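Got your viewer open and a selection box ready? Load the model below and follow along, stop by stop.

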Amino acid sequence: MQVSTTSFSNNFLYEIGQLQSQQTTLQSETTTGLSVTLPEDNPAAMNQVLNLQSEASAGTQYQSNIAQVQNTASTSSDALNSLQSLVEQAGEIATGATGVSSSSTLSSDATQVGQLIQQALQIANTQDAQGNYIFGGTDTSAPPFSATTDSSGNVTAVAYNGNTSVAETEIAPGLTVSAQTPGENNTGSGAEGVFADSRTGADLFSHLISLQQDLQSGNTSAISSTETPSLTKDEDNVVTQISGNAVLQSTLQAAGTVAQQQVTNEDSQMSDDTSANLAETLTQLSQTQTAYQAALESGTMIMGLSMMEYLS
Amino acid sequence: MASRSLSVQQEEMAVSGQNLANVNNPSYADEQLDVSESAPLPTPVGDEGTGIQINGISESRNPLLDSQIQAEDSVTGSLTAQQTNLQNAESYVDEQITSTSSSATPDSPNGLAADLSNLFDSFQSLSADPSDLSLRQSAVASAQQVTAQFTQVSAQLSTVQANLNTDVQNDVTSSNQDLSTIASLNQQIVAAQASGGSADQLVDQRAQTLENLAGLANFSTSAESNGAINVSIGGVAMVSGVSETDSLETYNPGNGQLQVQAQNAGTQITLTGGSIAGEITARDGALASLQSGLNTLASQLITKVNTIYSAGYDLDGNTGQDLFTGANASDIGVNSNVAADPSQFQAAGAPGAAGDNTVALALAQLGDQNVAGLNNQTFSANYAQTVSDLGSAISSVNDNLNTSQAVGQMLTNDRAATSGVSLDGEMTNLIQYQKAYEASAEMITTLNEMLQTVVNMKTT
């Protein structure tokens with residue numbers, strides 16, 4: 001076969017071009033550590049990476065949601081524990097008042113109960129770190145409880161201005177929880193009210209006000225027959241809320257661990273899908289460079305030769 | 001006889017000179033002087049040779065290889081046009097995996113995939129604290145980012161399509177120029193051959209023009225006995241003998257995407273090779289799918305989000321607004337009211353409850369739902385599929401182009417073996433011709449000396 005002068009240089013350029021292209025690809029893989037950068041490099045891997053990226057991003061968001069709910073749940077837990085001790089105090093006062101006839105003792109107890117009502121109001125209007133009222137249901141922007149006082153400064157009624165709904169937050173795909181609780185729910189359905197609920201018979205403010213009034217009037221029999229059992233219902237209700245909060249917090253912790261694990265797995269899968277095998281890439285790069293060098297040397301050697309060199 | 005030998009050797013040298021001069025001319029085919037022994041003279045002792053004679057100059061051209069190269073040029077032309085334009089689209093889509101440091105997880109941070117994730121994540125954030133104005137602002141900003149990315153990519157893809165229409169138009173013009181050139185060269189070749197002259201140079205030019213045309217549009221040829229080559233494209237005769245019977249023109253079938261038809265015959269031509277076919281294939285194939293995928297995604301996003309969102313209530317208890325405006329990827333936008341005042345984001349399911357996140361949560365959960373209008377995929381998965389489909393289209397074009405270029409290189413080598421000029425071969429030939437010339441000259445010198453001897457015999 002005759003080898004024409006141009007076919008040699010054409011071939012030489014074609015081969016050099018192929019080797020250069022290979023070198024560029026391998027060089028880029030070595031410097032970025034990625035075997036896939038564009039959709040055309042590996043369409044299936046790109047598809048998977050985009051999906052994993054979306055899932056990992058959602059996983060990170062779930063973690064952030066969990067942290068947010070945990071904050072509210074923690075604020076709520078503190079408030080509920082304070083409330084429990086407050087109710088216990090009120091119960092002790094009620095129990096202690098049974099059989100006491102000294103009006104000064106009863107009056108002093110009544111003053112103490114008045115303070116407890118004020119404290120309970122303060123707890124009822126607790127705000128979380130973001131300034132949201134946690135016992136108003138979804139009506140988080142205004143204090144959920146407001147009190148009416150008489151001329152002597154005693155609270156005579158406490159009104160609930162919140163609602164009975166709670167906002168659910170997604171902490172895992174399809175799994176929602178809520179750290180919100182309504183302060184009062186007398187509808188007979190939905191989330192239980194912390195201070196009053198028709199299903200449990202709890203109605204803390206009303207019971208405390210009655211206790212105060214009975215202490216002031218010296219009606220100790222009513223205290224033992226009505227207020228003490230009522231306060232027990234209130235305490236039971238708070239205890240139920242506290243255990244619900246504990247369950248929520250442990251659910252959040254578990255979901256947080258799962259979400260973190262999932263993000264780690266997804267990140268690692270993305271790395272697996274796209275990472276270049278450095279040992280292999282460097283070896284190939286070295287081989288390609290050797291081939292390129294050999295092609296250049298042999299090419300220039302052969303192209304430098306011509307019959308004209310030997311003709312005189 | 002010696003004198004004729006001298007002139008033949010001179011002519012051989014002239015042909016070698018011509019070959020050497022065209023050593024780097026890709027359209028040139030190696031020429032040879034066709035010689036034969038001249039007719040002998042009958043003598044009493046038998047036929048006596050009279051030397052050598054020239055029959056003509058021929059070139060080493062293989063029409064089969066030429067047509068194979070033309071066919072491969074068409075394939076390469078089509079694939080190159082597709083590759084260039086689809087890679088443009090790929091860069092506009094901007095889904096590029098990056099990894100800034102060895103420990104960083106590789107991801108694609110700039111494209112729509114990340115923007116869609118951010119949108120649904122910002123809805124999630126908002127659902128966790130729907131009264132927070134900064135989270136409302138962030139949700140609106142994410143929505144604006146998604147819409148900006150949709151409209152930007154859509155506009156860029158439209159530009160690529162518009163450029164492809166311009167390319168089709170330009171390539172049709174170039175094809176018509178090549179067809180005219182071929183008809184004109186046919187005319188000159190027929191005239192030259194009819195008068196017994198050499199048409200090699202014209203044939204070389206015509207071969208080059210045919211190869212140019214092959215890069216633009218695939219065609220079929222048939223040779224006529226008078227040296228002319230007939231060219232037909234898509235079954236319509238464009239060059240018949242010495243005349244250009246038809247030409248290509250673009251027409252708008254109604255959707256603004258130019259197609260090609262024969263100007264005189266008026267029939268639509270479906271090209272299967274050449275850059276025109278590549279441009280049309282890229283435009284109506286992968287690019288159109290990409291745009292349609294993005295439009296469907298945007299349109300579903302607008303509908304699904306607005307259906308949920310419009311039933312919600314903002315912080316002031318207002319309802320009924322849409323979050324997204326527009327109908328598809330080209331005109332999707334964010335409602336200017338909520339963009340100006342994020343408190344108007346309708347996150348609540350009921351009025352007067354700042355902590356109500358019903359709508360924000362439903363919007364967040366929309367990200368995980370399979371949408372019937374998106375082949376039962378989630379928004380993110382559907383977009384990932386669209387990007388992956390574009391990647392597959394480019395990857396397939398890349399593979400085919402590599403193969404086509406390798407085949408083209410092989411065919412070019414085959415042709416070079418037949419028609420190419422070898423510098424060493426021509427130099428060897430030159431030495432041969434020089435020696436033959438010297439021998440013939442020596443013969444004349446010898447004859448001269450013999451004649452001189454005879455003349456000297458008479459004078460002495």
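What follows is a walk through chain B, with one detour to chain A.

Before you click, note that this is a predicted model, where local features need pLDDT of at least 70, side-chain atom pairs count only at pLDDT 80 or more, and totals for chains, interfaces and linings use all residues. Residues are numbered from 1 along each chain as its sequence is written, chains are lettered from A and ligands numbered from 1 in the order in which they are written, and side-chain values use heavy atoms, with hydrogens and water left out.

**Stop 1: the two domains**

Colour chain B by its domain assignment: domain 1 is 2-60 + 425-459, and domain 2 is 63-419. Those bounds come from an automatic or database domain assignment. Taken over C-alpha atoms, the centres of the two domains of chain B lie 63 Å apart.

Now show the interface, using contact in the sense of heavy atoms within 4.5 Å. Ten residues of domain 1 of chain B meet seven residues of domain 2 of chain B. Between them the two domains bury about 700 Å², with 35% of it on carbon and sulfur atoms; buried area here is the accessible area (1.4 Å probe) lost on putting two parts together, summed over both. Which three residues supply 60% of the area that domain 1 of chain B buries against domain 2 of chain B? Pick B:Ser27, B:Glu59 and B:Ser60. Strand β4 (residues 52-59) of chain B gives the most to the domain 1 side, with three residues; helices (H or I, at least four residues) and strands (E, at least two) are DSSP runs, numbered from the N terminus.

Zoom in on B:Glu59, which sits in strand β4 of chain B. B:Glu59 counts as buried because its relative accessibility is 16%; buried means under 20% relative accessible area, exposed over 50%, and partly exposed in between (1.4 Å probe, protein chains only). Leaving out residues up to four places away in sequence, B:Glu59 touches B:Ala29, B:Asp30, B:Glu31, B:Asp200, B:Val203 and B:Asp204.

**Stop 2: the salt bridges**

Side chains of opposite charge can pair when their charged atoms come close. The rule for a salt bridge is a side-chain nitrogen of Lys or Arg within 4 Å of a carboxyl oxygen of Asp or Glu, and the structure holds eight over all chains.

Select B:Arg415 with B:Asp66: their side chains meet in a salt bridge at 3.0 Å, N to O. This pair links B:Asp66 in helix α2 of chain B to B:Arg415 in helix α9 (residues 379-419) of chain B, 349 residues apart. Then add B:Glu211, which meets B:Arg415 at 2.5 Å, N to O. B:Glu211 belongs to helix α5 (residues 200-216) of chain B, 204 residues apart from B:Arg415. Buried or exposed? B:Arg415 is buried, at 12% relative accessible area, and B:Asp66 is buried too, at 7%. Show B:Glu59, B:Arg61 and B:Asp204 as well, and you have the network of salt bridges that also includes B:Asp66, B:Glu211 and B:Arg415.

For the detour, jump to A:Asp197 and A:Arg199, whose closest N and O atoms are 3.0 Å apart in a salt bridge. A:Asp197 is buried at 0%, whereas A:Arg199 is partly exposed at 37%.

**Stop 3: a buried leucine**

Finish at B:Leu164 in helix α4 (residues 133-194) of chain B. B:Leu164 is buried, at 0% relative accessibility. Leaving out residues up to four places away in sequence, B:Leu164 touches B:Asn85, B:Glu279, B:Arg283 and B:Leu287.
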